[in-house]
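Welcome, and please open your viewer. We will walk through this structure one selection at a time.

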Amino acid sequence: MSRISHSALRAAQRTPLHLRSAGRRAQPAPAADGWEPGYLRLHRSGELAARARAAMAALARCQVCPRACAVNRLDGGRGVCNSGAEPVVASWNSHPWEEPPISGTAGSGTIFFSRCTGKCCFCQNFSISQLGYGNQVSVQRLAEMWLELQARGCHNINFVTPTHFAPQIVAAADIAAAGGLRVPLVYNTSGYETVATLRMLEGVIDIWLPDAKYANDAVARRISGFPNYLAHNRAALREIFRQVGDELILDEQSIARRGMIIRHLVLPDGLDGAAEVLRWIATELSPRVHVSLMNQYFPTHQAVNDPVLGRKITPEEYEAALEAFEAAGLENGWMQEHEECAT
Ligand code: SF4
């Protein structure tokens with residue numbers, strides 16, 4: 001999963017991409033309208049607790065992600081993600097450099113989970129995602145972290161690399177809801193998901209931040225280790241779209257309440273297939289879906305000496321991706337400043 005590093009984003013202000021129709025961008029929802037995040041209703045009805053019990057029990061034969069390892073994570077078993085029954089958190093803090101409706105003025109309350117279902121050779125957070133840096137915590141403690149981030153004024157709780165801990169997130173959501181959590185939950189994912197897991201999260205997650213990383217399965221497998229990425233990613237994007245549609249619902253301060261933002265990281269030599277990815281989003285989902293087009297790639301981890309991935313993208317490569325955004329007919333999103341590109 002391409003993670004947005006704090007250092008990369010400090011210099012990368014996100015600029016609105018509304019190349020065709022600024023008038024169709026997300027509109028703020030009315031203030032004081034009684035809105036509440038979806039997990040509160042599920043908590044009150046008891047459904048959240050029931051989903052948590054079922055999801056945690058299913059870890060006895062884990063099929064949370066498309067790898068379907070079928071290992072017993074409740075009994076010490078470890079699959080490709082090398083994760084057990086309890087969540088492992090690398091860091092949790094207020095993050096100011098997500099997209100404007102996510103970070104707002106007070107920051108997004110990010111929870112960086114350790115490990116990942118992917119193996120990106122260029123991962124900016126490989127010490128977390130692949131080496132496993134972090135601390136094991138109980139589900140109860142995970143919920144307390146969310147409440148502490150809310151108390152610090154964060155606009156939302158933002159799960160970074162969450163897939164392999166999706167059951168634990170549902171369990172923690174029930175505890176946090178009982179403890180007074182009231183901010184939206186954000187699911188910040190590689191987009192390598194099963195539809196079953198996304199349905200388990202339906203109504204729990206308010207805002208989806210899935211990647212659409214590639215347009216080519218061979219590339220996805222070679223540089224990110226994802227088998228059959230396209231089929232799983234596109235099924236996941238269709239499912240998220242079914243759940244929340246193309247409208248990004250904002251509050252009176254233009255902070256997101258509900259919806260989806262698809263992220264796409266531009267890679268050197270067109271490895272990411274931007275034109276095809278963006279065309280697919282516009283034609284198969286909707287041209288009104290919000291897309292965050294990122295230029296922050298820099299070589300790290302195993303990509304440092306790679307003949308293709310061992311450099312930043314050029315301004316021309318990012319410009320080509322912006323032109324592909326427009327050519328696809330997409331209407332809403334964000335771009336990053338050119339200073340982040342190679343010179
Ligand atoms: S979440 Fe981990 S153990 Fe479960 S199927 Fe995916 S990689 Fe395998």
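How much space lies in the largest cavity? About 100 Å³. Keep in mind throughout the tour that this is a predicted model.

**Stop 1: the cavities**

The whole structure holds six cavities of 30 Å³ or more. To find the largest cavity, select Cys62, Cys65, Cys69, Arg73 and Cys81, the lining residues that lie nearest its centre. The full lining has 13 residues: eight are nonpolar, three polar and two charged.

While you are in this part of the chain, select Ala70, in the loop between helix H3 (47–57) and strand S2 (88–95). Its phi is positive, near 60°, although Ala70 is not a glycine. Ala70 is partly exposed, with a relative accessible area of 31%.

**Stop 2: Gln168**

Next, select Gln168, in helix H7 (residues 166–178). Is Gln168 buried or exposed? Its relative accessible area is 0%, so Gln168 counts as buried. Show the contacts of Gln168, leaving aside neighbours within four places in sequence, and you will meet Met56, Leu59, Arg73, Gly84, Ala85, Glu86, Pro87, Val139 and Leu142. Arg73 was also on our list for the largest cavity.

**Stop 3: Val186**

Move on to strand S6 (residues 185–189) and pick out Val186. Val186 has 0% relative accessibility and is therefore buried. Beyond residues up to four places away in sequence, Val186 touches Asn156, Ile157, Asn158, Phe159, Ile207 and Leu209. Now draw a distance from the C-alpha atom of Val186 to that of Gly259: these residues are 73 apart along the chain, yet the two atoms are separated by 9.6 Å.

**Stop 4: helix H10**

Select residues 229–244, which form helix H10. Why is a span of 22 Å the one to expect here? At 1.5 Å a residue, the 16 residues of H10 should span 22 Å, and the end C-alpha atoms are indeed 22 Å apart.

Colour the buried residues of H10: Tyr229, Leu230, Asn233, Arg234, Ala236, Leu237, Glu239, Ile240, Gln243 and Val244. As you look at the pattern, remember that an α-helix has 3.6 residues a turn, so residues three or four places apart point the same way. Among the elements covering these buried residues are helix H8 (195–200), strand S7 (207–210), helix H9 (217–224), strand S9 (256–265) and helix H11 (274–285). Just after H10 comes Gly245, with a positive phi near 70°.

**Stop 5: the loop into H11, and H11 itself**

Between S9 and H11 there is a loop, and Asp269 is found there. Asp269 has a positive phi near 55° and is a residue other than glycine. With a relative accessible area of 55%, Asp269 is exposed.

Then select H11, whose twelve residues reach 16 Å from the first C-alpha to the last, close to the 16 Å expected. Its buried residues are Ala274, Val277, Leu278, Trp280, Ile281, Ala282 and Leu285. They pack against H10, S9, strand S10 (290–294) and helix H12 (315–328).

**Last stop: the whole chain**

Zoom out to see the protein chain, with its twelve helices and eleven strands. Of its 343 residues, 57% count as buried. Among contacts with a separation of 6 or more, 75% join residues 24 or more positions apart. Finally, turn on the surface: the accessible surface comes to about 12900 Å², and 50% of that belongs to carbon and sulfur atoms.

Note on methods: Residues are numbered from 1 along each chain as its sequence is written. This is a predicted model: local features need pLDDT of at least 70, side-chain atom pairs count only at pLDDT 80 or more; totals for chains, interfaces and linings use all residues. Side-chain values use heavy atoms; hydrogens and water are left out. On a 1 Å grid over the protein atoms alone, a cavity is a set of points where a 1.4 Å probe fits but cannot get out, and a pocket is an open set with protein on both sides within 12 Å along at least five of seven lines; lining residues have an atom within 4 Å of a point. Grid points are joined across faces, edges and corners, and a volume is the space filled by probe spheres set on the points. Ala, Val, Leu, Ile, Met, Phe, Trp, Tyr, Cys and Pro count as nonpolar, Asp, Glu, Lys and Arg as charged, and the others, Gly among them, as polar. Helices (H or I, at least four residues) and strands (E, at least two) are DSSP runs, numbered from the N terminus. The expected span of a helix is 1.5 Å times one less than its number of residues. Buried means under 20% relative accessible area, exposed over 50%, partly exposed in between (1.4 Å probe, protein chains only). Contact means heavy atoms within 4.5 Å. Accessible areas come from the Shrake-Rupley method with a 1.4 Å probe; for residues, only the protein chains shown count as cover.
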